[in-house]
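Here's a quick tour for anyone meeting this structure for the first time. Have a look at the model, then read on.

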Amino acid sequence: MAAMQIHELIATVFVDDKPRAWEWYSRLLGRPWDAEPDQAGCRAWEIRPGSWLQVVGRGEDDASTSVALAVPSATAARHELRSRGIDAAEPWTIDGFATFVEVRDPEGNTITLVEHLAGGTRDLHA
């Protein structure tokens, strides 16, 4: 079976208080949003070409969200977030795979920063 060709990734976070969440995600990412696909209810950040994080108003049937962002150093990212006033948990590691730092947005959604370790199955440093 051939691998599916994926050209873009869009992660969507559902929130109740859009203005508060948009401000929080701007602090998390260190910059304002890049696009407003739906002027009233969505703000989107292009994480890298073809990869987007959307923050939208929660509809009646929308669940909470979990998003993982790969970073070069989970510990450095944690320190940067704390300097922006965002509480970030202590890093934890799965030996030989990755180090993780979790933060929660104001709505309780989990954002996990992932540092893939050299030699792990998803080695981003190669």
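## How the helix starts and ends

D17 caps the N-terminal end of α1, with a side-chain oxygen 3.2 Å from the backbone nitrogen of R20. Just past the other end of the run, G30 takes a positive phi of about 75° right after α1. Helices here are DSSP runs of H or I with at least four residues, strands are E runs of at least two, and both are numbered from the N terminus.

A word on the source: this is a predicted model, where local features need pLDDT of at least 70, side-chain atom pairs count only at pLDDT 80 or more, and totals for chains, interfaces and linings use all residues. Residues are numbered from 1 along each chain as its sequence is written, and side-chain values use heavy atoms, leaving out hydrogens and water.

## Length and packing

Helix α1 covers residues 18-29, and at 1.5 Å a residue its 12 residues should span 16 Å (1.5 Å times one less than the number of residues). Its end C-alpha atoms are 16 Å apart, so the two agree.

Which residues of α1 are buried? They are A21, W22, W24, Y25, S26 and L28, where buried means under 20% relative accessible area with a 1.4 Å probe, protein chains only. The buried residues of α1 pack against several elements, including β1 (9-15), α2 (74-83) and β7 (110-116).

Conventions: Buried means under 20% relative accessible area, exposed over 50%, partly exposed in between (1.4 Å probe, protein chains only). Contact means heavy atoms within 4.5 Å. A polar contact is a pair of N or O atoms within 3.5 Å; within protein, one must be able to donate a hydrogen and the other to accept it, and residues adjacent in sequence count only if both atoms are side-chain atoms.
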